[in-house]
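Trainee: Could we go through this model together, one question at a time? I would like to see how each answer is reached.

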Amino acid sequence: MYYGGDYNPEQWPEEVWHEDVALMRRAGVTLVTVGVFSWSRLEPAPGHYDFGWLDRVLDLLHEGGVAVDLATPTASPPPWFPAEARNVTADGVRLTHGSRDTYCVSSPFYRDKSREITARLAERYGGHPALAMWHVHNEYGSWCHCDHTAAAFRAWLRDRHGSLDALNDAWTTSFWSQHYADWEHIQPPRATQYLPNPGQVLDFRRFLSDELLAHFREAKAILRPTGKPVTTNFVFGDWVPVDQRRWAEEVDLVAIDHYPAEDPPAETAFAADLARCWAGGKPWLLMEQATVTYTEPRIMAKEPGEIARLSLSHVARGSMGAMFFQWRASRGGAELWHGGMVPHAGPDSRIFREVCELGSVLRRLPAPSAPVAAEAAILWDTESWWATQAPKFPSSEVRYLDAVRQAHRVLYRHGVTADFAHPAGDLSRYRLVLVPCLYLLPDVSALRAYVEGGGTLVVSFFSGVADACGRVHLGGYPGALRELLGIRVEEFQPLAAPVTLSTGETASLWSERVHLEGAVALACYPDGTPAITRHGNAFYVSTRLTDEGLARLLGLAPHPAGLELVRRGDLLFAVNHGTEEHAVPAGIDVLTGDRVERLAPGAFAVLRYTPSPP
Ligand code: GAL
């Protein structure tokens, strides 16, 4: 188990480093991420390096038995970087140094300097005994619209589309006089008068993902000869131009950062299950979380025990440990109120005591015998998410992520562990597959094979609508899925107010004029139009149900509120996030050796799993 966090010792005088290492030992810290934002201290002037302080930090950590996840500092270029290497917003503003992530990934200068600093670090620390892994960059995700970006975008487009004719076709440029006769006329989607071209916007996101990935690959190639694993920490959000599923094939270890806000247990399960999907079911690592809830409009202290509960939930779902941002809370700088494993109050604090307790829990945890077992899957496709973010869709209230989160939340609250899966992947091991708002669906063969193999497929509204370029499949929605679902949708009609279906369920947000073409209606709108249909074992839900309504449709049995039960190999993780005591499958808690039958509010246990699943 990895336990620790980002360690930014350059913020502190050296005496503090000694105290840090002593406290890390006390807390059971095994790994720290060092150097993420250290570029200006490592290369204070172009070509002038100062590694002395980092040598001392790594030696000290090694003496203290703490391993190092050494970062390349490329997410935060130093103040001496030239303007041409900083990013430009869509409306043409060149960003100024003063925060972080202020770089253009397509700038040759930025790329050269990135390779150079990475090579220096590889050369100097590749053989250091503290080095456990490499942490390339931080949360890849910066956007840029400058001329370097434009040139790289054009090269990427040539590669993707092959010819201008193909690009014109893919982007439907014959509309609004956008037909391109010269590659040089194509720009990134910069500020424009009215709606941008959705094909261009979608391709730009794809391009940014690939361009950032090219930067990662360059670093990986430089670090590879050191023989240590290479990773980067994925961030999740609607602004992030990174297709993590594809990137996951390039990293030695999938690592995510997670900062839940509204509903931390459900959001944690969601993020962890997604990370496991990106990792292809293999273990992954929670690289960052916070000891506080770091949200707007207030930064809240976590509830007593919450740090451990959420960390265990990540571990239950496949994480190889629990890491934080950051080890010691800053006394100044942009994130001084972020919280740390050692808070401003110092080690004599509830937070640090909880940090020590969590370290002890993770130390006592045996290695699970097998990966997490999931019986259901939810299809996940980053590109569908991106495509549905385009303006002027039939309803700005339909949000891909809301639909996916609802599907996951409903399964989670009913004690069903779900994987996320890709629409083209093998789904045969799942009993149930949910397809929320999968707007782009070029190919349905995997879904067809799944249904033909006896699996139950539940597709929601606004799925299967468009091809990979975002062009609508004609002849009726949900285009690609019509035959499989035995329906044809003639029109969409977003709902301004909820309606009651013939079954008594409440439907909101969206409705459709569904025609049956082989399917039967399970529920109808007030005017008698089918709303929920069934075609063999393929179901279609043309509206948004309530969480309870969706659970009823899926036939999910009630589950105790707040109780999380996840099986990972021979271990059953039981975490009670709720406010009431609950019974759990009786067993011996491997953390304490005690027999456990019930869990008090806020308590957790890790039970040796016995054959009858809960
Ligand atoms: C992450 C980032 C950290 C820190 C943290 C604050 O996104 O990687 O450096 O900024 O957020 O929550």
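**Salt bridges, ligand and a helix**

Mentor: Let's start with one pair: a salt bridge joins the side chains of Asp-547 and Arg-413, at 3.9 Å from N to O. The term means a side-chain nitrogen of Lys or Arg within 4 Å of a carboxyl oxygen of Asp or Glu. This is a predicted model, where local features need pLDDT of at least 70 and side-chain atom pairs count only at pLDDT 80 or more, while totals for chains, interfaces and linings use all residues. Residues are numbered from 1 along each chain as its sequence is written, and side-chain values use heavy atoms, with hydrogens and water left out.

Trainee: How many residues apart are Asp-547 and Arg-413?

Mentor: Helices (H or I, at least four residues) and strands (E, at least two) are DSSP runs, numbered from the N terminus. Asp-547 belongs to helix H16 (residues 547-554) and Arg-413 to helix H13 (residues 400-413), so the pair links distant parts of the chain. Their separation is 134 residues.

Trainee: Is Arg-413 buried, exposed or partly exposed?

Mentor: Buried means under 20% relative accessible area, exposed over 50%, and partly exposed in between (1.4 Å probe, protein chains only). Its partner Asp-547 has 18% and is therefore buried. Arg-413 has a relative accessibility of 40%, so the class is partly exposed.

Trainee: How many salt bridges does the structure hold?

Mentor: Another of them pairs Arg-328 with Asp-20 at 2.8 Å, N to O. Arg-328 lies in the loop between strand S11 (319-324) and helix H11 (350-364) and Asp-20 in helix H1 (residues 14-27), so this pair ties together parts that are 308 residues apart in sequence. Both of these residues are buried. For the structure, the number of salt bridges is 40.

Trainee: Which residue does Arg-124 meet in a salt bridge?

Mentor: Arg-124 sits in helix H4 (residues 108-125), and its partner is in helix H3 (residues 52-63), 69 residues apart. At 44% relative accessibility, Arg-124 is partly exposed. The N to O distance is 2.7 Å, and the partner is Asp-55.

Trainee: Which residues are joined into one network by salt bridges that share partners?

Mentor: Follow the shared partners from one salt bridge to the next. The network consists of Arg-111, Asp-112, Arg-115, Glu-211 and Glu-218.

Trainee: Turning to the ligand, how much of its accessible area does the protein cover?

Mentor: Residues around the ligand include Phe-37, Asp-257, Tyr-259 and His-338 (near: a heavy atom within 4 Å). An oxygen atom of the ligand is 2.9 Å from an N or O atom in the side chain of Arg-100, and in the side chain of Glu-139 such an atom is 2.4 Å from a ligand oxygen. On its own the ligand has 310 Å² of accessible area (Shrake-Rupley method, 1.4 Å probe). The protein covers 93%.

Trainee: How many residues of helix H10 are buried?

Mentor: Helix H10 spans residues 306-316 and is largely enclosed by the rest of the structure. Its buried residues include Glu-306, Arg-309 and His-314. Just after H10, Gly-318 takes a positive phi of about 120°. The count for the helix is 11 of the 11.

Trainee: How far apart in space are Ala-424 and Ser-142?

Mentor: Ala-424 is in the loop between strand S13 (418-421) and strand S14 (432-435). With a relative accessible area of 58%, Ala-424 is exposed. In sequence Ala-424 and Ser-142 are 282 residues apart, and C-alpha to C-alpha the distance is 29 Å.

Methods. A polar contact is a pair of N or O atoms within 3.5 Å; within protein, one must be able to donate a hydrogen and the other to accept it, and residues adjacent in sequence count only if both atoms are side-chain atoms.
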